[in-house]
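Me: I'd like to understand the reasoning behind some of the labels used for this protein. Could you take me through them one at a time?

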Amino acid sequence: MIQEVIVTTRNPSGSPQIAPMGIRRRGELFVIAPFRPSTTLENLLARGCAVVNYTDDVRVFAGCLTGRYGWPVLDANRVDAPRLADPLAHAEVELTEVEDDELRPRLICRPVLEATHRPFQGFNRAQAAVLELAILTSRLDRLPIEKIEREIEYLRIAIDKTAGPREQEAWDWLMARVTEHRRRLETA
């Protein structure tokens with residue numbers, strides 16, 4: 001099972017690196033597998049730690065894919081990495097093993113602290129639609145535009161029926177990126 005989360009690490013300058021990512025669990029361990037090249041990968045290898053943030057604010061996912069990285073962060077308690085200031089929960093992890101791969105190395109991490117900050121309030125179909133559009137947006141250069149447009153047509157139903165202001169804002173950011181991609185294709 002893949003969990004969509006926000007992984008935070010610290011850049012060499014000390015600034016936060018905030019990245020949406022799908023992770024897996026192996027029992028108690030976390031498997032973080034960023035594609036190469038990746039700032040998150042380099043930071044995690046250099047510092048040996050990260051924070052896995054669980055958030056229901058889909059604007060963070062959409063924002064990171066559209067150049068909006070200024071999400072509030074705090075220092076983690078046990079590792080040298082920031083964490084989101086307002087997640088549902090977070091896990092501070094340390095790197096224990098690297099399963100190398102040319103395209104997508106697997107970074108095996110063990111949690112050193114897990115904390116819950118507020119309760120999960122339930123699913124919203126628009127949140128799931130934004131996450132799916134975020135994943136599509138991250139693959140604009142690898143997927144045919146026809147597939148992306150078919151998916152958007154279906155996902156828009158959930159947005160129209162269930163989106164609140166946060167979900168609508170995130171959707172609009174991502175759709176602007178898709179529209180820009182579509183324009184580039186038309187002029188190419």
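Me: Which residues lie nearest the centre of the largest pocket?

Reply: In this predicted model, P20, M21, G22, F35 and S138 lie nearest the centre of the largest pocket, out of 31 residues that line it. The volume of this pocket is about 910 Å³.

Me: What makes a residue part of the lining of a pocket?

Reply: A lining residue has an atom within 4 Å of a pocket point. For the largest pocket, β2 (16-26), α1 (39-47), α2 and α3 each supply at least two such residues. The largest share is that of β2, with nine residues.

Me: How do the residues of that lining divide into nonpolar, polar and charged?

Reply: There are 18 nonpolar, six polar and seven charged residues in the lining of the largest pocket. Gly counts as polar and Pro as nonpolar, so among the residues nearest the centre, G22 goes with the polar group and P20 with the nonpolar one.

Me: And what about the second largest pocket?

Reply: About 450 Å³ of space lies there. Of its 19 lining residues, E4, T55, D56, F120 and F123 are the closest to the centre. β1 (3-10), α2 and α3 are the elements that give two or more residues to this lining, which divides into eleven nonpolar, five polar and three charged residues.

Me: Why is N43 called buried?

Reply: The cut-off for buried is under 20% relative accessible area. N43 has 5% relative accessibility, so N43 counts as buried. The place of this residue is in helix α1.

Me: What makes the pairing of N43 with N11 a polar contact?

Reply: A polar contact needs N or O atoms within 3.5 Å, one able to donate a hydrogen and the other to accept it. The side chains of N43 and N11 make theirs at 2.7 Å, so the distance falls within the limit. Not counting residues up to four places away in sequence, N43 touches T9, R10, N11, P12, Q17 and G48.

Me: Which members of the largest nonpolar core touch the most others?

Reply: V130, L133 and W171 do, in a core of 28 residues. The elements giving two or more residues to this core are α2 (58-65), α3 (125-137), α4 (145-162) and α5 (165-187). Leaving aside residues up to four places away in sequence, L133 touches I152, L155, W171, L174, M175 and V178. Apart from the largest core lies another of 17 residues, including V5, L41, A50 and A89.

Key
Residues are numbered from 1 along each chain as its sequence is written. This is a predicted model: local features need pLDDT of at least 70, side-chain atom pairs count only at pLDDT 80 or more; totals for chains, interfaces and linings use all residues. Side-chain values use heavy atoms; hydrogens and water are left out. A nonpolar core is a set of buried Ala, Val, Leu, Ile, Met, Phe, Trp, Tyr and Cys residues joined through side-chain atoms within 4.5 Å. Buried means under 20% relative accessible area, exposed over 50%, partly exposed in between (1.4 Å probe, protein chains only). Helices (H or I, at least four residues) and strands (E, at least two) are DSSP runs, numbered from the N terminus. Contact means heavy atoms within 4.5 Å. On a 1 Å grid over the protein atoms alone, a cavity is a set of points where a 1.4 Å probe fits but cannot get out, and a pocket is an open set with protein on both sides within 12 Å along at least five of seven lines; lining residues have an atom within 4 Å of a point. Grid points are joined across faces, edges and corners, and a volume is the space filled by probe spheres set on the points.
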